[in-house]
Amino acid sequence: MKVIAINGSPRKNFNTAKMLVMALEGAKSLGAETELIHLYDKPFKGCVSCFACKLKNSKTHGLCAYKDELTPILEKCLEADVVILGSPIYYSMPTGVSRAFFERFLFPIGSYHVNEDGSNRREIEKKIAMGLIYTMNCPEDKMERFQYPTVLAMQEQAASKILGYAETLCANNTYQFSNYDLYDFTLFTEEAKRKYRDEHFRIDLDNAFELGKRLVEKAKTLN
Ligand SMILES: Cc1cc2nc3c(=O)[nH]c(=O)nc-3n(C[C@H](O)[C@H](O)[C@H](O)COP(=O)(O)O)c2cc1C
């Protein structure tokens with residue numbers, strides 16, 4: 001069982017990365033082979049709309065034909081049983097880099113064909129369980145007000161339809177800086193942020209660990 005975590009945060013040891021590491025620990029506790037990949041290390045583009053993945057009678061059918069430093073990562077993801085994408089929320093969305101990965105990973109597997117039962121065809125037989133982890137400044141009780149559940153559900157829906165299974169986990173009200181004294185802010189207080197981190201982030205990490213385990217168990221049932 002192979003589990004790959006993709007870090008869509010520019011920071012390699014902050015909230016998103018920590019959640020991903022814990023999810024991988026959960027997967028490892030069930031014997032999975034794991035790897036963490038930092039997307040910001042790689043120069044790559046999102047989908048360039050070449051449609052080579054949809055060409056008839058082509059070797060590139062069902063595959064992303066655009067070659068750059070994401071190509072070997074996409075190959076690894078196609079071999080994996082579980083892929084966990086972690087991203088901070090930037091302006092109410094996952095980061096652009098996470099979205100670029102998401103486009104390149106999902107679009108070749110999806111299809112414009114409809115099966116007889118009305119479902120969409122997929123270009124690979126294998127199903128992959130996807131975890132979507134988001135970390136954000138927004139407190140949990142304000143998410144609805146900013147329509148985050150709707151935005152994040154769209155991403156989960158696409159992943160679930162195209163890959164076979166997806167689930168989402170959020171960590172809210174994250175502690176943003178190593179040293180709050182250095183930065184300008186009045187929207188919140190360091191004390192409130194620290195209190196929330198000390199009381200809640202451990203629970204978020206435990207939830208990530210459980211997500212990793214759950215996805216491994218789910219992947220066993222998918223194929
Ligand atoms: C450019 C930028 C935009 C952000 N926009 C939002 C936002 O719209 N909503 C939110 O809740 N947090 C926002 N944040 C905060 C981050 O989502 C949050 O601190 C996250 O946990 C950072 O992840 P990291 O620690 O892995 O880098 C933003 C941060 C940055 C740098």
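This is a dialogue between a visitor and a guide about how to read a few features of a predicted model.

Visitor: I would like to begin with the strands; which strands pair with β3, and in which sense, parallel or antiparallel?

Guide: Since the model is predicted, please take what follows as a reading of computed coordinates. Strand β1, residues 2-7, pairs with β3 in the parallel sense over 5 bridges, and one bridge to look up is that of Ile-6, whose partner in β3 is Leu-85. Strand β7, residues 128-135, also pairs with β3 in the parallel sense, over 7 bridges, and here Val-82 has Ala-129 of β7 as its bridge partner. Strand β4, residues 93-94, runs antiparallel to β3 and is joined to it by 2 bridges, with Met-93 in β4 as the bridge partner of Tyr-90.

Visitor: Is β3 largely enclosed or exposed, and why?

Guide: The general idea is to count the residues of a strand that are buried, which here means under 20% relative accessible area. In strand β3, residues 82-90, 8 of the 9 residues are buried, so this strand is largely enclosed by the rest of the structure.

Visitor: What lies between β3 and β4?

Guide: The two strands form a hairpin with 2 residues between them, and Tyr-91, which sits in the turn, has a positive phi of about 50°. As a general rule, most residues other than glycine have a negative phi.

Visitor: Which other residues, not being glycine, have a positive phi?

Guide: Two further cases can be given, and they are found in separately named loops. Ser-49 has a phi near 60° and lies in the loop between β2 and α2; this residue counts as partly exposed because its relative accessibility is 43%. Asn-173 has a positive phi of about 50° and belongs to the loop between β8 and α5; this residue counts as buried because its relative accessibility is 16%.

Visitor: What does the side chain of Asn-172 reach, and is Asn-172 buried or exposed?

Guide: Asn-172 is found in the loop between β8 (164-171) and α5 (190-222), and at a relative accessible area of 6% it is buried. Its side chain reaches the backbone oxygen of Cys-138 at 3.0 Å.

Visitor: Turning to the ligand, how many residues surround it, and which are the closest?

Guide: The ligand is surrounded by 17 residues, of which the closest are Thr-16, Ile-89, Thr-135, Cys-138 and Thr-174. For the polar contacts, one looks at pairs of N or O atoms within 3.5 Å. An oxygen atom of the ligand lies 2.7 Å from an N or O atom in the side chain of Thr-16, and the side chain of Thr-174 likewise offers an N or O atom at 2.7 Å from a ligand oxygen. With Cys-138 the partner is a polar backbone atom, 2.8 Å from an oxygen atom of the ligand. On its own the ligand has 650 Å² of accessible area, and the protein covers 80% of that area.

Visitor: Finally, which residues form a nonpolar patch on the surface?

Guide: Tyr-40, Tyr-90 and Tyr-91 form such a patch, with about 410 Å² of accessible area together. Tyr-40 comes from the loop between β2 (33-38) and α2 (71-79) and is partly exposed, with a relative accessible area of 36%. Tyr-90 is the residue whose bridge partner in β4 is Met-93, and Tyr-91 is the residue in the hairpin turn.

Terms used. Residues numbered from 1 in each chain as written. Predicted model: local features only at pLDDT ≥ 70, side-chain atom pairs only at ≥ 80, totals over all residues. Heavy atoms only, no water. Patch = residues over 30% accessible without salt bridge, like charges linked within 9 Å, V, L, I, M, F, W, Y side chains within 5 Å. Areas by Shrake-Rupley, 256 points an atom, 1.4 Å probe, with all protein chains shown as cover. Salt bridge = Lys/Arg side-chain N within 4 Å of Asp/Glu carboxyl O. Helix = DSSP H or I, 4+ residues; strand = E, 2+ residues; numbered from the N terminus. Buried < 20%, exposed > 50% of the residue type's maximum accessible area, 1.4 Å probe, protein only. Near = heavy atom within 4 Å. Polar contact = N/O pair within 3.5 Å; in protein donor to acceptor, adjacent residues only side chain to side chain. Pairing = 2+ DSSP bridges.
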